[in-house]
Amino acid sequence: MTYEEILREMKAHANPDNVAGMARFGINPQGTLGLSMPFLRGLAKRIGTDHTLAARVWASGIHEARILAALIDDPQQVTSAQMDRWMRDFDSWDVCDQVCGNLFDRTRSGRRKAAAWARRGPEYERRAGFSLMAAIAWHDGEAGDDVFISYLSTIENYAFDERNFVKKAVNWALRNIGKRSRRLNKSAVACARRIAKQDSRAARWIAADALRELTNPKVVARIK
């Protein structure tokens, strides 16, 4: 499919009612068509992998087009500079998470970017760091435990952030790391207990929610 054909098909399936519903869940309605993930995944399958086309689709600025770009890009061709450019464009939690979980976590620079972005100031840029940590913990079977031990230190340092889209991503990263292995479960639980002692509502919420899952006997039993 050509760039023009892709945009034409996306716009033909636009659903304004969905846009209103998405806005209620904190998704930026600006430039949003109201397309579902199953539609975007089906479209991506028809397009196939195309790094050059992905860059052009991203540049359209359309909300769902940016999610689609992550689905069709080639992680082996994604550069560090491209990751930084796209990260700075994030203006909604769903685009952030879809790009991190469908593309950036499979790139050569992904592990390093997760730690670096978590230290950035803007809300979606910091969320990208922790969302990427969560995705790497879930998808990267080759990463050693030491990668995630380092992430736990960053999680502990930034658990104070009260911003909704940050604290939820911090919590998500902590929980995913704690479910990766028995060793990491113990480390994540210890981290959560330290976070619980911080003088921050966000930190206490992150810790309580993570401990509820990571100490659940049914959850622990499934961890190898």
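Which residue lies over the face of Trp 205? In this predicted model, that residue is Lys 167, placed 5.5 Å from the ring centre.

Aromatic rings also meet one another here, with eight aromatic pairs in the structure. One of them joins Trp 58 and Trp 86, which are stacked, with 4.1 Å from centre to centre and 0 degrees between the planes. The two rings come from distant parts of the chain: Trp 58 sits in helix α4 (residues 51-59) and Trp 86 in helix α6 (residues 80-89), 28 residues apart. Trp 58 is buried, at 3% relative accessibility, and Trp 86 is buried too, at 4%.

Trp 86 has a further partner in Phe 104; here the centres are 6.3 Å apart and the planes stand at 40 degrees, so this pair counts as tilted. Again distant parts of the chain are linked, since Phe 104 belongs to the loop between α7 (93-102) and α8 (110-117), 18 residues from Trp 86. With a relative accessibility of 0%, Phe 104 is buried. Taken together, ring pairs tie Trp 58, Trp 86, Phe 90, Phe 104 and Trp 117 into a cluster.

Turning to another loop, Ser 181 is found between α11 (164-178) and α12 (182-195). Its relative accessible area is 12%, under the 20% cut-off, so Ser 181 counts as buried. A polar atom of the Ser 181 side chain lies 3.1 Å from the backbone nitrogen of Leu 184. Leaving aside residues up to four places away in sequence, Ser 181 touches Asp 145, Ile 223 and Lys 224.

Methods: Residues numbered from 1 in each chain as written. Predicted model: local features only at pLDDT ≥ 70, side-chain atom pairs only at ≥ 80, totals over all residues. Heavy atoms only, no water. Helix = DSSP H or I, 4+ residues; strand = E, 2+ residues; numbered from the N terminus. Buried < 20%, exposed > 50% of the residue type's maximum accessible area, 1.4 Å probe, protein only. Polar contact = N/O pair within 3.5 Å; in protein donor to acceptor, adjacent residues only side chain to side chain. Contact = heavy atoms within 4.5 Å. Phe/Tyr/Trp six-rings, centres within 6.5 Å; stacked < 30°, edge-to-face > 60°. Lys NZ or Arg CZ within 6 Å of the ring centre and 35° of its normal.
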